[in-house]
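Colleague: Got a minute to walk me through this one? I'd like to go over the surface, the odd backbone spots and the empty spaces.

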Amino acid sequence: MRSRGMAAALAALAAVLGAAPARAQEPEGWNSQRTLELVQRARDRRQQTQADTGMVDYQADARGYIYFYLDRRDTGERTLVKTDQVALDVLWRAPNLTKQRIIGLRDRRDLPTNIQYHQDHLSVVQDNFGDLIRLGDGDEVRDVLHPASGAGPTLYDYRLADSSSIRLPGVAEPVRVYKLEVRPRNPSQPALVGSVYVDRRAGDIVRMDFTFTPSSYVDRELDFINIRMENGLYKGRFWLPIQQQVEIRRQLPELGLPAGGMIRGTMRISNYRFNQGLGPELFRGRPVVAVPEAQRRSFNFEQGIDADLREAGLSPATELGDVRAEAAELLGRRLLSGLPGNRVDLAGATRTLRYNRAEGLALSLGYRVTPAERTSLALRAGIATATLRPFAEVDAWRGAPGDRAGLGLYFRQPRDVGYGPVISGAMNSLSALIAGSDYSDPFYASGAEVRGERPLGAWTGSAALRLERHDQARLASDFSLLGGSDAFRPVPDIVRGTLVGGTLSIRREAPALVERGLTLGLSVDGGSLRPADEDGGYEFVRPRVDGALSFRTGGSGEWTLDGSTGAALGDVPPQAQWRVGGRGTVPGYDFRSYGGDSYGFGRAAYAWDLAHPFVRGRVFGAAGWTGDVFRTVNEAGLSPLDRRGGMASVGVGVGLLYDILRVDVARGFGAGGRWEVIVEANPTFWDFL
């Protein structure tokens, strides 16, 4: 009852914010006579094609990419681990003999991995799976009934959802189809859920989009499998495979980790040659075989191993999320994941365990409840050992990242003064614990926030309204292994009080690994702060613009340009003032030693492989400034170290072991400039460190 109530509350919130619009009331029409006749036609055409003497055999070429990457549950970010490129010789002979030869196979590792794929991940499905669907050689999905099989109507419901035209890869003209929605009569049974598109003229299956019910998964680590299979018309009457996509996501079932492992494969089939007199001896033995490894690796691929990534990159937009979303609607938003709905939640390393000068060692434990598809409730509570004060948070979401609504409650949540983020949480904990260098300036926020995200074309818009109390953090722990008791900086003073405020932002995110990618973000935050210890108040607004441009230069070289600028308008409290300089902004200066009501900085870096995958070189430069352009900063809020003016620095560095760990040396110029050594994880991993 509690789960249903929470889901209903989130649905109402989503309707208000417009982040996850509800589907109209489900129309009548399941298992209508016309629909069942279309299913029967599709079933008959599957059998007739095998017996049609106009196609005795065929041979075709298949080329594919298989990506293994980490995907973030809550942010949508993707980190590539491994790429495989495969070439196959595909053969078929009536009535239903198949053979595939892997004639080319090469890979590239961007992170350490020993992943091995099942053979059917590297091959083509030639018969729309036959009557029984198996994946991963039966280790992932085993013997799920096809909806166009003879026994399909005993397991599935069917509905004629639409009559339209769709475009298929490599097909010039749109294809007129009927869209049949398919769902199991009993969702607890192993079955697929999705859509089957059939040719309006003859009833052949043109396309299938589907996922599976949770009980279909044999491997208990499977979160989901999404599949899209598209066929093209040959010789006027034969619908044969032209493109197939599969997504397989795994995660530990016992723990709600911030990232999971995703396999995404895309296979394109072309150059069909018919009736070549292929003898039965070609089809003996295993259905998928491979030529010797040396021959596979020497295959002359028509495209580079990163050709697809350079064009489309990795992002949620390139995945089959729409297949899963439609399937969830067919089952009334029933949970489709093969993972447990309730799990211990490890949202990130720092949220579970961290060390800083204000909290000391902070420990917490989380728990996540997922009552329905794209609906979640996360609870977390912990204690700061240096102050013996508890902290807690509750996050409720409905929808997927970029198109969702949510509610957050939090108590003594650490916030940071100044521009950020400038360091990963894990590295900051290590730096503070070992050397007494804490690169955060915390204060505490307790309150509530209503949030929403919405796609706006290529952009994502977000909004948040919050009511919260701000409390001062103090130097509570001075322990470090090497830094001594006086190594830590003072914790900046803030104005204690109650804030009524919010944030509006719009962001365009470049997909990971594209040849040229532009990321741009514009945001405005602010509000009214009523002090607890003084009269009056602070009313302020802070616009900010962030941007990044990356482009490859051929080979392993890559340029990255990024920058940020912002202002603080109105009567600005200390915790809302801009502080920059040093690590994370313009290296080579004391950390956050520059401040004011406005700031700006830009950085340029060039990186290339020196000895892949062990060493990657980097050269970089940065410049920035702060000032009192609007004369709004309360001087009492700035520390004596806060300077105004310009900064500039240059540096060199190396990325070690797949560029996971970076070591940079920077030199700042002019007043306040100095040498600085920066050890940090690749920013790709910051969100879960």
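**A loop residue and its patch**

Modeller: Sure, let's start with Leu657, which is partly exposed because its relative accessible area is 43%. Keep in mind that this is a predicted model.

Colleague: Where does Leu657 sit?

Modeller: Leu657 is in the loop between strand 32 and strand 33. Leu657 also belongs to a nonpolar surface patch of about 870 Å².

Colleague: Which other residues make that nonpolar surface patch?

Modeller: Along with Leu657, the patch is made by Phe614, Val619, Val652, Leu656, Leu661, Val665, Trp675, Val677 and Val679.

Colleague: And which strands supply at least two residues of the nonpolar patch?

Modeller: Strand 32 (645-656), strand 33 (661-668) and strand 34 (675-681) each do. The largest share comes from strand 34, with three residues.

Colleague: OK, backbone next. Which residue in the loop between strand 32 and strand 33 has a positive phi?

Modeller: Asp659 lies in that loop, and its phi is near 65°, a positive value in a residue other than glycine.

Colleague: Is Asp659 buried or exposed?

Modeller: Asp659 counts as buried, because its relative accessibility is 11% and the cut-off for buried is under 20%.

Colleague: What about Asn31, what's its phi?

Modeller: Phi of Asn31 is near 60°, again a positive value in a residue other than glycine. You'll find Asn31 in the loop between helix 1 (2-17) and helix 2 (33-51). Asn31 is partly exposed, since its relative accessible area is 24%.

Colleague: Now cis peptides. Which residue is joined to Pro421 by a cis bond?

Modeller: That's Gly420, and omega of the bond is about 0°. Pro421 lies in the loop between strand 20 (403-416) and helix 8 (425-435). The peptide bond from His612 to Pro613 is cis too, with omega near 5°.

Colleague: Where does Pro613 lie?

Modeller: In the loop between strand 30 (598-611) and strand 31 (615-627).

Colleague: Switching to holes. How many cavities of 30 Å³ or more are there?

Modeller: The count comes to three. The largest cavity holds about 60 Å³ of space. Its lining is Val39, Ala42, Pro147, Ala148, Tyr158, Leu180, Val182 and Val196, and helix 2 and strand 7 (175-184) are the elements that give two or more residues to it.

Colleague: How does that lining divide into nonpolar, polar and charged?

Modeller: Eight residues are nonpolar, with no polar and no charged ones.

Colleague: And what volume does the second largest cavity have?

Modeller: About 40 Å³. Glu359, Ala384, Thr387, Arg389, Pro390, Phe391, Arg412 and Tyr444 line the second largest cavity. By class, that makes four nonpolar, one polar and three charged residues. Strand 19 (residues 389-400) gives the largest share of this lining, three residues.

Colleague: Last one, pockets. How about the volume of the second largest pocket?

Modeller: The second largest pocket comes to about 720 Å³. It is lined by 29 residues, and the closest to its centre are Asp120, Ser123, Val124, Val125 and Arg134.

Colleague: Which elements give two or more residues to the lining of the second largest pocket?

Modeller: Strand 3 (97-109), strand 4 (132-135), strand 10 (222-234), strand 11 (238-250) and strand 13 (259-274). The lining of the second largest pocket divides into twelve nonpolar, eleven polar and six charged residues.

Notes. Residues numbered from 1 in each chain as written. Predicted model: local features only at pLDDT ≥ 70, side-chain atom pairs only at ≥ 80, totals over all residues. Heavy atoms only, no water. 1 Å grid on protein atoms, 1.4 Å probe; cavity = no way out; pocket = protein on both sides within 12 Å on 5 of 7 lines; lining within 4 Å. Points joined across faces, edges and corners; volume = space filled by probe spheres on them. Helix = DSSP H or I, 4+ residues; strand = E, 2+ residues; numbered from the N terminus. Nonpolar A, V, L, I, M, F, W, Y, C, P; charged D, E, K, R; others polar. Patch = residues over 30% accessible without salt bridge, like charges linked within 9 Å, V, L, I, M, F, W, Y side chains within 5 Å. Areas by Shrake-Rupley, 256 points an atom, 1.4 Å probe, with all protein chains shown as cover. Salt bridge = Lys/Arg side-chain N within 4 Å of Asp/Glu carboxyl O. Buried < 20%, exposed > 50% of the residue type's maximum accessible area, 1.4 Å probe, protein only.
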